[in-house]
Each structure stands twice: as C-alpha cells, then as structure tokens.
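Here is a quick tour for anyone opening this structure for the first time. Have the 3D view ready and follow along topic by topic.

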Amino acid sequence: MRGAAVQKPGPENPDVTLITPTSPMTTPTHGGRAKCLQRLVRLDLPVPRTVALSFESVHQIASGYRPDVSGILDEFDPNALLCVRPSSEDPDWGGPGAVLNIGMNDARYVDMCDQIGTPAATEIYLRFVMNYAIDVARLDAEVFDEIDGEGHDALSEALQLYEEEAEEPFPQDPAVQLAEILQSMARAWEGTTARLLRQAKGAPVDAGLGLVVQEMALGLGSGECGSGVLQLVNPATGQPQITGRYLSQSQGREALDGGTASIFLEKDPRGPSLEELAPTAFIALKAHAALMRARLREEMQIEFTIENGNLHILDGMRVERSARAALRIVVRLAEDGIITRQEAVMRIEPRALSELLHRQVAANSPRDVLGSGIAASPGAATGRIVFSSEAAQASAARGEPCVLVRRETSPEDIRGMHAAAAVLTERGGMTSHAAVIGRGLGLPCVVGAANIRFQVKRRSLVAADGRLLKEGDEITVDGTNGQILAGSVDMIEATLDETFRTFMSWADAERDIGVRANADTPADAKTALHFRAQGIGLCRTEHMFFEAERLTPMREMIFAQNPQDRQAALELVLPMQRADFLELFQIMQGQPVCIRLFDPPLHEFLPTSRSGQRELAEALDIPVSDVIRRIESLSEYNPMLGMRGVRLGITVPEIYDMQARAIFEATVEAAREGITVVPEIMLPLVSAKREVELVRGRVEAVAAAVRTENRADVSYRLGVMVETPRACLRAGDIAEHTHFLSFGTNDLTQMTYGLSRDDAGRFMSEYVRQGVFSEDPFHILDTDGVGELLKLGAVRGRAARQNVVLSICGEHAAHPESIAFCREAGFDYVSCSPFRVPVARLAAAQLALADKIK
C-alpha cells in the first residue's frame, strides 16, 4: 500500500459519523456541506447514505494517522462505489476537488460491464484511474495525456502507465483507495499554497476541513438515467426561473462523452427535456427544491441523479448569484414570509451595492490586462485615451467616450473629468483629487497605476508588458477592481428598480445614524436626492469657480492690488454663486445643506503652462512678466499647509464676504418660493477659536445687511471642519462658537500621520504587505490613532456645548468600520460621495441590527 510505511496507527476515531437526522453535527465541526446534507436528510429527501469526517479527524489524517477506513466502509453496501467531497466551513474558501467512483477495480469492472454495458463501465473505470493517478498518486498528467486508444485499449494503457510511473500496480482494494484519497485531500488542504489562497479569501489561519464519503447513485441503467443540477431562480437576474442542466446517460458511452448534453429541464421545442423523459422525477425535483427553499430559507441548487427513473439528491448548495440577483432573492424570500425583512437586510454585503449603482465589466468577459492601480472609484467604462481636459471636452462634444489620463488631476481638470467616461492617473491614493471627485461624479477611476509608464509629453502609455498605447487608442478602466484593460469589453448596466428601493426602505427603518452626501454641484445634489441622502453634508464651493466664465473674474481678484479691486472682481462672481446655492436649495427642498467656504490655495486657479500664462496676460491686459511674478509670489513650499481655508478667509476676507452674501441672498430667494432653508456654513482648516470669532463676526455682518436690504429673516448655522489635530484638541473652545463640528478625516489623517494623501500610494501597498499598517489609513479609518483624536474632539466639543452636532465628511464615511466608530462615539451623521450613500445606509442599518441581536 502506497504510503503505508509512513502512516501512524491512529486512535479510535469518534468523529467519523453517519449522517442521520439526529447525529451530532455542526458547521464549525464538520463543515457546511455535511451540515446541509443532514438538513436534507431531516427533510426526508432521497439522499444516498453518507458518512462525515470532522475537522479534527481530517487534521489527524493530514498529520499521518491512519483513518478507520474499515469502519467507514462498513456503513455502505460492499458493491457500492463511493465519492469523497470537501466540506469546509465556508464554500468560498475552496478546497480539494471531489474524487468519484472509489471502489472501482478489475472485479467491479467486470460486473458493471454486465450491468450497464462495456462502454459505460470502461469510461467510469478509466476516469477513476486517471483522476486517482493525477490527484492522489500525484503522477505527471502529461503522461496520461498521451494515451491514444479508446475504450478498453485506453483503459489497459492507463493501468499500465500507472504501474510504470508509480512502480506498483493500480490499487484494487477499496480500503486502500479510500485511505489514500482521504490522506491526499487532507494534506492538500493543509499545504502552504492552499492555506495562503484561502486566507486571501478571508479564512482564518486554522480553518478546518471536513470530508463527506457518500454512496454514489451513478445514474446508469436500462431506464431513464442521468445527472444534473437544478435551481428555481436565475442566478444572473434573481428572477423565478427553473435553470440548470441535465445530462442524460441512458445511451451509455455516447452520453458520458457529452453526446446527449442538449437535454432541457422544462419542455422546449429545441429538443428533449427532463420533464418529458422523466416526468415523475421532474415533479419530485421541483417539489424538493421548493421544500429546500422554504425550510432552509435560501435559494438552493440541487445536485441530483436519476437511476432507472428514481431520483437521488446528492447535495444541496446555495445558488451562486450576482449582486443584483442576490438583492432580488432576499427581497422575494422576505416578501414570501420565509425570512424577516431584518434578516434580508443583514444578508447583503454593503460593498456589493456598488455593482448595482455602476456599470460593471461582465463576469464572463475576457480581460486583457494592461496594468493595475488603486480601485479609487467603482464602475467601468471604455473610451479613447486623451491627455488633457481640453481634449476630453472636445471628445465629448463629438459624442466619443474618452478616458482622461493624467499624472495626477488638479481642480482645473474638473471640466475634463465631467466630460470623460473614466479617469486614469499615475499618482494618487484613495483620497487624492481624482479619487474624491471620481467617486462624487460616479466616474470610474483608477489612480496610482505605477506599473504603467506615463509618457505625457509623447502622449503615450507603456503597459506593464511593454505594449505602447497612444492617444486615441481604446482602453477600459475598471474602477471596481483597479485594472486597465485593452480595448472594449462586455458590460453589465446599472439597474435600480423597485426591488432596490424596497430593500433600502427596509434598511432605513433600522438605522439610527443619519447619512448625508458630499455634493458640489446641482448634478451631485440630484444624485444625492435620488439615493435618499438626508441632506448635503459637504458642498465644496471651490469646484464652482472653475467654470470658464468664473475663472477669469477669480483670477482678476487674485491680481487685484487692494480690497476695493478684489471686491469689484468678486461682484462678477456673486450672482453666479447665488444661483448655484439657490439651485441646491431648490433641489434639496428644505433638507440640510452644509456649505464649506472657499478652501484651496489661490495658486490652484492660476495657469502653470506658458501658453496659459500668455492667455491670462491678454485677458488682464498686463505683461506676461507680471503674471509670472504674481504666480511666483503665491507659490508655497507646502501649499496644503499654507495659506488656504480659514487662513485665506481671514487674510483675504472679501472671498468669504462674497460667499456669505451669496448664501444668504439665495436663502431669501428660496423662502420666497416657499422653501424654508437654514443653511449651514462651514469654515475649513480651523485650528484656533479666534479664527472662528473673526470670520463669524464678518458673516454675521453680511447676514445683518441682507436682512436689512431684503426685510427678511435670515437664519443660519455656523460650524467648522475639524481637520487639524489642534482643532480636535481644542474642540471645547471652538464648540463654544459653533453649532456643529464636522470632522474632515482626509486631511486629519494626512496631518496625523504626516503622510501626503496624494503620494502615499507609491509605497502604501508595501507598508500594508509588511504589516506596518493593517490597511491604507486613507481607505479605512484608523480608529486607533486618528480615531483617538475624533473621540477626544467629540467629548470636548459636547462638554462645552451639549447640543453641538457631530459628523464626519471625509471619504472614510461610507465604510462600515467608520460608521461603527461614529455610532459608538455618538456622532449624528456621516456624509459621503453621492454614489456611496446607499452603501452607507445599508452598513448603518446592519450595525444597528447587529446591536439589537447582541
């Protein structure tokens, strides 16, 4: 016997159990397949006799202990063929492949030739020999690929090759076969490669494997025989539909080779069906599937065989499904009273909703991968490569989809991003400009694609494998998986139907924290409203300044020599800002709108190219040298820590005065239309209470002026964006002068770690791989470090002002881990990109339900 010399004698093993309705068996001890089979036995379904080996038994076998094979075989008919299948705690963790037809040998072959015919018996024996040789004896598969003959000749050659390669005859004793197979499967599970693969799928290091040994119902005989799978739902759509496949084996060898594979389950004009060939078995099969759905509370796929018209249920497993199918399935189960609405809410992974909200690459579409990066904004789009915002806008004007390719995007690329179908950048991370704006627009985006060489001046890309891509070449950006693909691929369109709305209403009934949206434009606000956001938690007003008609007055203001000239330039922008805010108020219809005042450094509004500088000089009627000098005077070594945010509002107060007036005048106009608005004005980058006092005084003066001019009441709420560590530490002082504290976790993470959120992507994957960080802190909120500052700020803020509203509005806000933290810390709401609002709503509901369950 192969391996007998190295096997250790094992103790009597009580963990080898015949599956009966009352046998002691759980998923954590025997695996999901074993437990499911027991449930089928309890339902009195025609399940062949089955024995289960526990995780501990399989671990002992992998360690070299000899299994009690004789005890296992005693549970079965001596003439039965057996199969062994894996039974892990989670089927997604994988496992060794099943081994069929155990017990097949020369003597059994002779008997089966008489029973089912030589061709079928030969095929069964040949398949077993080759499967055993390659997967159990670990012989070279290529040796058996060279078998030339057919039928009995092929079988003889396979047996001879086995003996030559293994240096012993093919084992004839079923006990030897079974022992070797159990040991092979046990050791395969505990091998290093298999362990790493399942850990990548979320399995714990010590995940166990059970095995089930089952008597085979071959589905061969003189009557109608065959095998197949059936389910009552379409796995792609989730709609009720009998789907699956059936292979009739009533014609012996031809059937085994797939010659009659065109058997349909239900009556079909294209060919014979199982319903016609075995009507009694088909009716029973549908009844069994319906019973499993009702009693197991899940859409199940049945693996079955039919032998001389008699039905056998070999296994039941959860139907594999797309995200859209999963949603429809749980809603139907709840509406049919099989599960509760709360359980339906708990069954959908929040991140899976992204597949419903965006176009996706079809699962079966071939992928020609050019390179990869950080999956910054989900969805997929195909377009021709362009390297500038101007080219993207020209492409959109021609009706041609394009992909905007940049080393990294800046605010002046906003128009190009609006025009593009997708964005690809060489640099950046999860909170880079491209990532944040991409998610806000619902635009597929991959950033930090470091394995692609960007040759921007040559207007070309060099793929990871050396292929050259030029402007105008077609690529696909898969922002869900972070891949760049060559050419076009098959897509699945986004669908938000009544099922989705029903499901989300169930989620909203459970959650106990608010969910708002970060929305900068009317289009963003409409998207937020469509996804049932409870208001706007962050409106970044600087994005409104990059339209062509606003950019020139903004630049004039920057070049102004005194406050009067700055105010005159801003007078041109005022009506545009007022119209923006009025439209936001109209769209949100009285829901909260939190407007962050101007934040970026002024240099972002000035051209960097010489041609752009000449155009600005012409527009302002000044020498190019003056333009260059002014740009140089505004340059900073670290502009993101320089004169921006509230610092700019204090040193150049005319900007905030103009914005405050635009907000209040829009509020008055909305009130005339019957829309009651109490705007929330947020000051960015605050780190001292005196900053709040200074700006608050000017804002109140503007409000008083608008009240007088319009003879109307103007109410507002003032708050700060807490994004510096000092603001967290001094939150008590700051809260005395504010109505709300909104924590901007993007910048707060950057400042806490001393990491550039735009550049950290270059080395972050290596840091995560080596365990420096458990996860990219710009992707998942660091609840230990940054979270400590958030808690400190929340506690000190509430101590000073009990009713101060707390929220986070960084890109972490939609993650379940962040929402869990915010709920625990007593925050009132989270605010995230519009397309992530449903994800946050579901995650919040699941956390609330989990607390109720506890």
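Start with helix H2 (residues 32-42), which lies across E8 and E9 and runs at about 135 degrees to E9. On the same topic, helix H13 (residues 279-296) packs on the sheet and touches strand E6 (226-233), E7, E8 and E9. The direction of H13 makes about 150 degrees with that of E8. Keep in mind that this is a predicted model.

**The four-stranded sheet**

- The sheet that H13 packs on is an open one of four strands, in the order E7-E6-E8-E9, with antiparallel pairing.
- Which strands sit at the edges? They are strand E7 (240-248) and strand E9 (310-318), each of which pairs on one side only.
- On average, and ignoring direction, neighbouring strands here are turned by 20 degrees against each other.
- In general, strands of a sheet pair through backbone hydrogen bonds, either parallel or antiparallel.

**A closer look at E8 and E9**

- Strand E8 (residues 300-307) and E9 pair in the antiparallel sense, and the pairing covers eight bridges.
- If you want to find the pairing by eye, look for Ile306, whose bridge partner in E9 is Leu311.
- Glu307 is another handy marker: it stands opposite Asn310 in E9.
- How many residues lie between E8 and E9 in their hairpin? There are two, and Asn308 in the turn has a positive phi of about 55 degrees.

**The eight-stranded sheet**

- Another open sheet has eight strands, in the order E11-E21-E20-E13-E14-E15-E16-E12, and its pairing is mixed.
- Strand E11 (369-372) and strand E12 (374-377) stand at the edges with a single partner strand each, so one side of each is left without a neighbour in the sheet.
- Neighbouring strands of this sheet are turned by 30 degrees against each other on average, again with direction ignored.
- For a parallel pair, look at strand E14 (residues 402-406) and strand E15 (residues 422-425), joined by four bridges.
- Leu404 is a good place to begin there, as its bridge partner in E15 is Val423.

**Two helices that cross**

- Helix H31 (residues 745-753) and helix H33 (residues 786-800) pack at an angle of about 115 degrees, and their axes are 10 Å apart.
- Is the crossing left-handed or right-handed? H31 passes H33 in a right-handed crossing.
- On the H31 side, the residues that meet H33 are Thr745, Leu748, Thr749, Thr752 and Tyr753. On the H33 side, they are Val786, Leu789 and Leu790.
- By class, this contact has five nonpolar residues, three polar and no charged.

**Empty space inside**

- Rolling a probe the size of a water molecule over the atoms shows where empty space is left.
- For this model, the count comes to three cavities of 30 Å³ or more.
- How much space lies in the largest cavity? About 80 Å³.
- Its lining is made up of Ile414, His418, Val436, Ile437, Gly440, Leu441, Asp520, Thr521, Asp524, Arg540 and His543.
- Helix H18 (414-419) and helix H19 (433-441) are the elements that give two or more residues to that lining.
- The largest share, four residues, comes from H19.
- Sorted by class, the lining of the largest cavity has four nonpolar, four polar and three charged residues.

Key. Residues are numbered from 1 along each chain as its sequence is written. This is a predicted model: local features need pLDDT of at least 70, side-chain atom pairs count only at pLDDT 80 or more; totals for chains, interfaces and linings use all residues. Side-chain values use heavy atoms; hydrogens and water are left out. On a 1 Å grid over the protein atoms alone, a cavity is a set of points where a 1.4 Å probe fits but cannot get out, and a pocket is an open set with protein on both sides within 12 Å along at least five of seven lines; lining residues have an atom within 4 Å of a point. Grid points are joined across faces, edges and corners, and a volume is the space filled by probe spheres set on the points. Ala, Val, Leu, Ile, Met, Phe, Trp, Tyr, Cys and Pro count as nonpolar, Asp, Glu, Lys and Arg as charged, and the others, Gly among them, as polar. Axes are lines fitted to C-alpha atoms, for helices over the stretch in contact, and angles run from 0 to 180 degrees between N-to-C directions. A crossing is left-handed if the near helix is turned anticlockwise from the far one by less than a right angle, and right-handed if clockwise. Contact means heavy atoms within 4.5 Å. Two strands pair if DSSP finds at least two bridges between them.
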